Amino acid sequence: MLKFIFDRKNCSFMRLWLAQLISQFGDRINQMALIGLIAERSPGSTMDLAKLLSFTIIPVFIVGPIAGVYVDRWDNRKTLFLCDIARGVLVMLIPMIFIFWESLIPIYIIIFLVFCFSRFYVPAKMSILPDLVEKEHLVMANSLITTTGMLAFVFGCAFGGFLVYWSGARGGFVVNAVTFFVSGLLVISIPRDFRLHFDRKELIQAGQEVLALERSVIRELKEGALYLIRNKGIRFVINLLFTLMAAAGAVYVVIIVFIQDCFESVTRDLGILAVFLGAGLFVGALAYGRWGKKIPWHKTIFYCLFAGGVMMILFVLMVRIYPQLIVAAVLAFLLGLMLGPIFIAANTIALLVSDENMRGKVFSSLEIIIHFAFLVAMLSSSLLSEYVDHSWILVGVGGVFTLLGLLGLVKYRKGLGIALS
């Protein structure tokens with residue numbers, strides 16, 4: 001892989017790879033800074049944290065469905081560069097707003113806008129790949145971006161956790177803004193006739209196409225929704241991912257505050273545990289990719305659900321009774337190890353049971369569904385945590401996982417007739 005990255009023929013890809021690596025690293029720092037911000041303003045408040053984080057998800061519903069359509073009509077380098085610079089400027093405004101405003105409303109607006117630009121950045125990043133590498137190297141390039149993205153998640157959480165612990169949320173936002181600027185400079189340095197301007201005729205033409213594009217997107221979303229409803233295999237994947245993401249949403253904010261309370265730190269220990277959880281997910285995904293075909297897909301999913309539920313319950317009880325970081329880290333790794341294969345198997349099933357000309361619509365619809373599940377569950381569990389102890393909520397989610405795993409093994413003994421090969 002290193003030989004491929006540093007090959008002189010792939011210098012353009014190397015710059016894109018470095019740009020997205022730095023950008024994703026900064027995203028994790030931003031996440032830790034947001035957590036630190038709420039800890040400074042409203043210590044221990046799950047609802048305030050959920051409200052702030054919801055503005056990172058809402059753009060999925062508003063911008064996500066149309067972002068890919070417009071990105072296909074724009075120059076990808078311009079899109080990537082402008083998204084990075086815009087996000088950097090917006091994030092840099094946050095420490096300045098701290099000085100002048102007590103209200104969080106300006107922060108909500110900025111975070112919403114930052115993640116609106118992110119919805120354009122992701123499809124532009126994937127769309128530009130075929131222009132930077134030869135066709136036979138696309139698989140390698142995609143693999144590198146996915147793998148290093150996971151590493152950026154792990155190390156970004158660790159660095160962000162300690163950075164916010166030492167310098168507060170302000171320092172986290174400043175460093176995050178710098179990562180966006182560096183990423184933008186790397187993108188603009190990619191050769192091949194990059195010019196920072198939009199032709200006036202292109203803008204007029206784009207404006208004229210807006211209504212037609214919106215109608216096209218709405219029509220395609222309706223087609224995708226009907227296809228999801230009628231396809232048995234896809235319905236199974238929807239139910240599975242909806243449940244998983246609802247559980248993740250229910251846990252996400254509550255477990256952050258739970259860890260803060262147990263370890264009496266805002267982001268330091270949280271960042272370390274996120275590293276071990278991410279490492280577990282990474283190893284679990286790799287293990288499934290290596291040996292997954294030897295085990296029926298439905299058994300993999302439901303055994304992992306059962307084991308993941310047990311690990312969640314064990315994690316909560318051990319951290320509550322015996323709050324030692326090394327014990328919690330091992331349990332977080334094992335939890336990630338159990339859950340990692342589920343998402344790989346579910347996405348593989350979605351690919352196998354979808355018609356080739358419907359896959360884009362299927363995954364676009366799935367993304368909206370799972371983010372909706374996550375958002376609703378996150379806000380609901382945050383409200384519930386005002387009245388119910390955090391431990392009980394987390395144990396309850398673990399119990400649901402365990403029960404679903406057992407029920408799934410009984411109900412789907414023969415699977416759905418889908419071979420993962």
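The protein exposes about 20400 Å², and carbon and sulfur atoms supply 67% of that area. Please keep in mind that this is a predicted model. The chain has 14 helices and zero strands, and 50% of its 421 residues count as buried.

**Overall fold**

- From the N terminus on, the elements run α-α-α-α-α-α-α-α-α-α-α-α-α-α.
- If we take contacts between residues at least 6 apart in sequence, 87% of them join residues at least 24 apart.

**Nonpolar cores**

- The largest nonpolar core holds 84 residues, and Ile107, Phe173, Ile301 and Phe315 touch the most other members.
- Helix 9 gives the most to this core, contributing 20 residues.
- Setting aside residues up to four places away in sequence, isoleucine 301 touches Phe236, Leu240, Ile342, Ala345 and Ile349.
- Another core, of 21 residues, lies apart from the largest one; among its members are Ile128, Leu132, Leu186 and Ile190.

**Aromatic pairs**

- The count of aromatic pairs comes to four, and two of them are described here, beginning with phenylalanine 55 and tyrosine 108, which are stacked at 4.8 Å centre to centre with 10 degrees between the planes.
- This stacked pair links distant parts of the chain: phenylalanine 55 belongs to helix 3 (residues 46–62) and tyrosine 108 to helix 6 (residues 105–132), 53 residues apart.
- Phenylalanine 55 counts as partly exposed because its relative accessibility is 24%, whereas tyrosine 108, at 14%, counts as buried.
- Tyrosine 252 and phenylalanine 374 form a tilted pair, with 5.6 Å between centres and 55 degrees between the planes.
- The tilted pair also links distant parts of the chain, since tyrosine 252 sits in helix 9 (residues 232–263) and phenylalanine 374 in helix 13 (residues 359–384), 122 residues apart.
- With 22% relative accessibility, tyrosine 252 counts as partly exposed; phenylalanine 374 has 12%, so this residue counts as buried.

**Charges over rings**

- Arginine 87 lies over the face of tyrosine 121, at 4.4 Å from the ring centre.
- Tyrosine 165 has the charged end of arginine 268 over its ring, 4.7 Å from the centre.

Methods: Residues numbered from 1 in each chain as written. Predicted model: local features only at pLDDT ≥ 70, side-chain atom pairs only at ≥ 80, totals over all residues. Heavy atoms only, no water. Phe/Tyr/Trp six-rings, centres within 6.5 Å; stacked < 30°, edge-to-face > 60°. Helix = DSSP H or I, 4+ residues; strand = E, 2+ residues; numbered from the N terminus. Buried < 20%, exposed > 50% of the residue type's maximum accessible area, 1.4 Å probe, protein only. Lys NZ or Arg CZ within 6 Å of the ring centre and 35° of its normal. Core = buried A, V, L, I, M, F, W, Y, C linked by side-chain atoms within 4.5 Å. Contact = heavy atoms within 4.5 Å. Areas by Shrake-Rupley, 256 points an atom, 1.4 Å probe, with all protein chains shown as cover.
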